[in-house]
Amino acid sequence: MYSIRQIAEAVERTTPDQHMSSEEKAAFDAERAEYVTKLDKALRNLSQRVYLPAAQRIGRVDLYDRPGVAAFALVIALHDFDVPRHVLQAFAKWAQEPGGPAFAKVGNRHATPVEEAILRLDAGEDFTFEIVGGAFGRKIFRARWAEDEAHYAEQDSISPRPTLRLPSSKLIEILLNGLAD
């Protein structure tokens, strides 16, 4: 279980700094500390405004499990690209609602997209999550698993639509590895 502060700090630990001189590294470290503080505050605000439910609360600290961290990894990536909040909210809600029959069973329900992502990440799979532009300005959210690739490639060749593709398996893996350090 991880707090928002731990998640914010892990995000910044993943930024490479080995190539910098000592002067550059000192300036970078100061900027990094400021960014972690700002990211911590932004994630707290997002967790209140966007569907990012905590798995557990101890005192006043919300703690998030691995699927919650996966959701944060994706929301942070979208937030960094200034995706509008209403799209972030819809995406976060979709990512944490039970999926359909294509998703694994967790107890008596189907897994959520982020739960399925964790299962597939643990199995070593690469996958993406996408926001696809639909008719009349609607947004369609989908998980693109390896076995769906041919279907989506054919569908995209027939009717190309604007798509924001997140390298989700990599983003989630990097954040989880940053938390493990």
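Among the elements of the protein chain, which has the lowest mean pLDDT and which the highest?

## Model and confidence

Helix α6 (residues 149-158) has the lowest mean pLDDT, 78, and helix α5 (residues 113-122) the highest, 95. Here pLDDT is the predictor's confidence in each residue, on a scale from 0 to 100. The protein chain averages a pLDDT of 87, and 97% of the residues score at least 70.

The model is predicted: local features need pLDDT of at least 70 and side-chain atom pairs count only at pLDDT 80 or more, while totals for chains, interfaces and linings use all residues. Residues are numbered from 1 along each chain as its sequence is written, and side-chain values use heavy atoms, with hydrogens and water left out. Helices (H or I, at least four residues) and strands (E, at least two) are DSSP runs, numbered from the N terminus.

## The three-stranded sheet

An open sheet of three strands follows the order β6-β5-β7, with antiparallel pairing; two strands pair if DSSP finds at least two bridges between them. The edges are occupied by β6 (139-144) and β7 (163-166), each with a single partner strand, so one side of each is left without a neighbour in the sheet. From one strand to the next, the twist averages 20°.

Strand β5 (residues 128-133) pairs with β6 in the antiparallel sense over six bridges. Within this pair, Phe129 stands opposite Ala143 in β6, and Gly133 has Lys139 of β6 as its bridge partner. The two strands β5 and β6 form a hairpin with five residues between them, and Phe136 in the turn has a positive phi of about 60°.

## Helix α3 and its neighbours

Helix α3 (residues 66-80) packs with helix α4 (residues 85-95) at an angle of about 165°, with the axes 10 Å apart. That makes α3 roughly antiparallel to α4. Axes are lines fitted to C-alpha atoms, for helices over the stretch in contact, and angles run from 0 to 180 degrees between N-to-C directions; angles under 35 degrees count as roughly parallel, over 145 as roughly antiparallel, 65 to 115 as roughly perpendicular and the rest as oblique. Leu74, Val75, Leu78 and His79 of α3 make the contact with Leu88, Phe91 and Ala92 of α4, where contact means heavy atoms within 4.5 Å. These residues divide into six nonpolar, one polar and no charged. Helix α4 also lies across β5, β6 and β7, running at about 40° to β6.

Helix α2 (residues 22-49) packs with α3 at an angle of about 110°, with the axes 12 Å apart; α2 and α3 are therefore roughly perpendicular to each other. Tyr35, Ala42, Leu43, Leu46 and Ser47 in α2 meet Phe72, Val75, Ile76, His79 and Asp80 in α3.

## Helices α1 and α7

The axes of helix α1 (residues 4-13) and helix α7 (residues 168-180) cross at roughly 105° and come within 8 Å. That makes α1 roughly perpendicular to α7. On α1, Gln6, Ile7, Ala10, Val11 and Arg13 take part in the contact, and on α7, Leu175, Gly178 and Leu179. By class, the residues of this contact are five nonpolar, two polar and one charged. Ala, Val, Leu, Ile, Met, Phe, Trp, Tyr, Cys and Pro count as nonpolar, Asp, Glu, Lys and Arg as charged, and the others, Gly among them, as polar.
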